[in-house]
Amino acid sequence: MTLAALLILSACSKDEFQKDGDFFYLESVGAKMPIWVKGNVESKKFIIFLHGGPEGGSSQYYTIFPSHKEIEKHFAIVYWDQRMCGMSQGNPSMDDATLDQFTQDLDKVVSLINHKYGNPELYMMGHSWGGALGTNYLLDHQENINAWIEVDGGHAWTRANALSRENMIEVAHSKVADNDDIEFWNFALDWYADHPVVGINDNGHYSFVGAANGYDFNPDSDSLEIPFTDLLLFSPISTAYFFVPYQFSFLDKGLNLEDRLDEISIPSLICWGRHDGVFPVQQASETFDLLGTPTEDKRLRIFEYSAHSPNYEEPEAFASEVIDFVHSY
Amino acid sequence: MKNTLLSLLFLIALLQSSAQDSPQSKVGIYAGYFGETFTHPGLNIGIEYYPHQSEKYQMILSVNGGGYVHVRNNKSFFLRGQWGQRVYFENGLFIDQFLGVGYLHQFTHGGELYEVLPNGAVVETKDSGQPFFMPSVSFGAGYDFSKKGDSRFSVYLRPELFWKAPFNGYFLTNIAINAGVILKL
């Protein structure tokens, strides 16, 4: 009976995850990285999506976003799991977990998509860490890409952490003054006193950001329901998504790409959540101003009811903005 | 192939005859469902040997092999040895536990594998798979029909944790379920 029940459960597997789109792998320097191309391939417009993280991130997690499903009606989205992230396999060396290697992998993804689909029009969209990776790629390869979409991106992560630290100290003082979980927020203030500089891998800081709704503007929103059980039981996602025990040490040195943004001149759309606690919103206008893209070819869109991820907190508005932008270029 | 099959049949016949001569069977074979994360289906077959046993207790040495498919993730094959213990209750129910070590070979599943050569050429490449060390631990329960009749069958349900190493440089924890039938020879 148990066996029968398990087989029935297996038969209920979600076709979308197991059959939809094109699925293949890229092998590069010890890593075997899955690539899932979904959506309107006939449009000949492909958006290469760069997930957040990097450790703990997976592009497959984004495939369930309603905003992405809407965008897929118009264009193809290329979901790629970066090395040592998500469903990526192999046994690559930690010595090869560098910004340069991630960028070289991305260049290979671009070559592979061009090879398989006959040089379609390519766009790139990076969320969080993906914004840093995409920016770094464009600094050397922007001629390969039609247009760039950065969503709460981490290309100036070192500066973001300094801004975010200041904001979080303000939040903590405010919470204490309001008698809101005084013990926790006093602990936060003590932590920040001991950490005058917050590193990219300082998880304590991100815990406080999360507690202040700096990731999710409205954690109770229906749009945030992620069916983790279904993903684990019926999708390519495995326990590797949940049990990542390492951090990438190359991020310890910080990430400061803002000084080179003027070298990027392709059409660009900058999307940012007003209440982002990780990469504060003032970075959105700074990014917009620093980009070398002609003013008429760059757009800035602030999402008023989002924190770190407008792509799932305001799916309709986000999808509409991206669809209009990509159609324009 | 034919010789292998004949040898296997001879071995089973030998084991069966020796089992009939002794009051308690010393050997069992089993087959069942192996589900990685419960729903990613596979099979597991093996043989158990009981070096020490009484009415209520069995020590078990087992060798088994199997595989599973996790669609668009991996297909894996494994061979392992396990040491375990089984405790019987008077009503035929039993509980057991196993510790194992083995070898697992994993292939990507769901699509072609490509490489981009230094000259920029894109080529499809053969996936030779990846070797893993596979420790495991499991706890389960079952029912032995021989306690209430002539049947030599038992059924079992056994959740398990197993690890793949080195996976991206670490021990990746996996969960699985075993469910199947044991035939005492």
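Helices are DSSP runs of H or I with at least four residues, numbered from the N terminus. The legends below refer to a predicted model.

**Figure 1. Packing of helix 4 against helix 13 in chain A.** The axes of helix 4 (residues 66-74) and helix 13 (residues 315-328) of chain A come within 8 Å, and they cross at roughly 30°. Because angles under 35 degrees count as roughly parallel, helix 4 of chain A and helix 13 of chain A are described as roughly parallel to each other. The crossing of these two helices of chain A is right-handed. On the side of helix 4 of chain A, the contact involves Pro66(A), Ser67(A), Glu70(A), Ile71(A) and His74(A). Their counterparts in helix 13 of chain A are Pro315(A), Phe318(A), Ala319(A), Val322(A), Ile323(A) and His327(A). By class, the residues of this contact are seven nonpolar, three polar and one charged.

**Figure 2. Packing of helix 5 against helix 6 in chain A.** Helix 5 (residues 99-117) and helix 6 (residues 129-141) of chain A pack at an angle of about 75°, and their axes are 10 Å apart. Since angles of 65 to 115 degrees count as roughly perpendicular, this term applies to helix 5 of chain A and helix 6 of chain A. Helix 5 of chain A contributes Leu99(A), Phe102(A), Thr103(A), Leu106(A), Asp107(A) and Val110(A) to the contact. Helix 6 of chain A contributes Trp129(A), Leu133(A), Asn136(A), Tyr137(A) and His141(A). The residues of the contact comprise seven nonpolar, three polar and one charged.

**Figure 3. Asn179(A) and Asn213(A), two residues with positive phi.** Most residues other than glycine have a negative phi. Asn179(A), although not a glycine, has a positive phi of about 60°. Asn179(A) is located in the loop between helix 7 (157-177) and helix 8 (182-194) of chain A, and with a relative accessible area of 59% it is exposed. Asn213(A) likewise is not a glycine and has a positive phi of about 60°. The loop that holds Asn213(A) lies between helix 9 (203-211) and helix 10 (228-234) of chain A. Asn213(A) is partly exposed, at 32% relative accessibility.

**Figure 4. Cis peptide bonds preceding Pro54(A) and Pro166(B).** Most peptide bonds are trans. The bond joining Gly53(A) and Pro54(A) is cis, with omega about 0°. Pro54(A) belongs to the loop between strand 3 (45-50) and helix 3 (59-62) of chain A. In chain B, the peptide bond from Ala165(B) to Pro166(B) is also cis, with omega near 0°. Pro166(B) is part of strand 10 (residues 153-167) of chain B.

**Figure 5. Surroundings of Val123(B) in chain B.** Chain B contains one helix and eleven strands, and the helix comes before the strands from the N terminus on. Of its 185 residues, 46% count as buried. Val123(B) lies in strand 7 (residues 122-125) of chain B and is partly exposed, with a relative accessible area of 30%. Leaving aside residues up to four places away in sequence, Val123(B) touches Leu113(B), Tyr114(B), Glu115(B) and Leu117(B). Val123(B) and Gly110(B) are 13 residues apart in sequence, and their C-alpha atoms are 17 Å apart in space.

**Figure 6. Buried cysteines Cys85(A) and Cys271(A).** Cys85(A) has a relative accessible area of 1% and is buried. Cys271(A) is also buried, with a relative accessible area of 0%. With a disulfide taken as a pair of cysteine sulfur atoms within 2.5 Å, the count over all chains is zero disulfides.

Notes: Residues numbered from 1 in each chain as written. Chains lettered and ligands numbered in written order. Predicted model: local features only at pLDDT ≥ 70, side-chain atom pairs only at ≥ 80, totals over all residues. Heavy atoms only, no water. Buried < 20%, exposed > 50% of the residue type's maximum accessible area, 1.4 Å probe, protein only. Axes fitted to C-alpha atoms, helices over the stretch in contact; angles between N-to-C directions. Parallel < 35°, antiparallel > 145°, perpendicular 65-115°, else oblique. Left-handed = near helix turned anticlockwise from the far one by under 90°. Contact = heavy atoms within 4.5 Å. Nonpolar A, V, L, I, M, F, W, Y, C, P; charged D, E, K, R; others polar.
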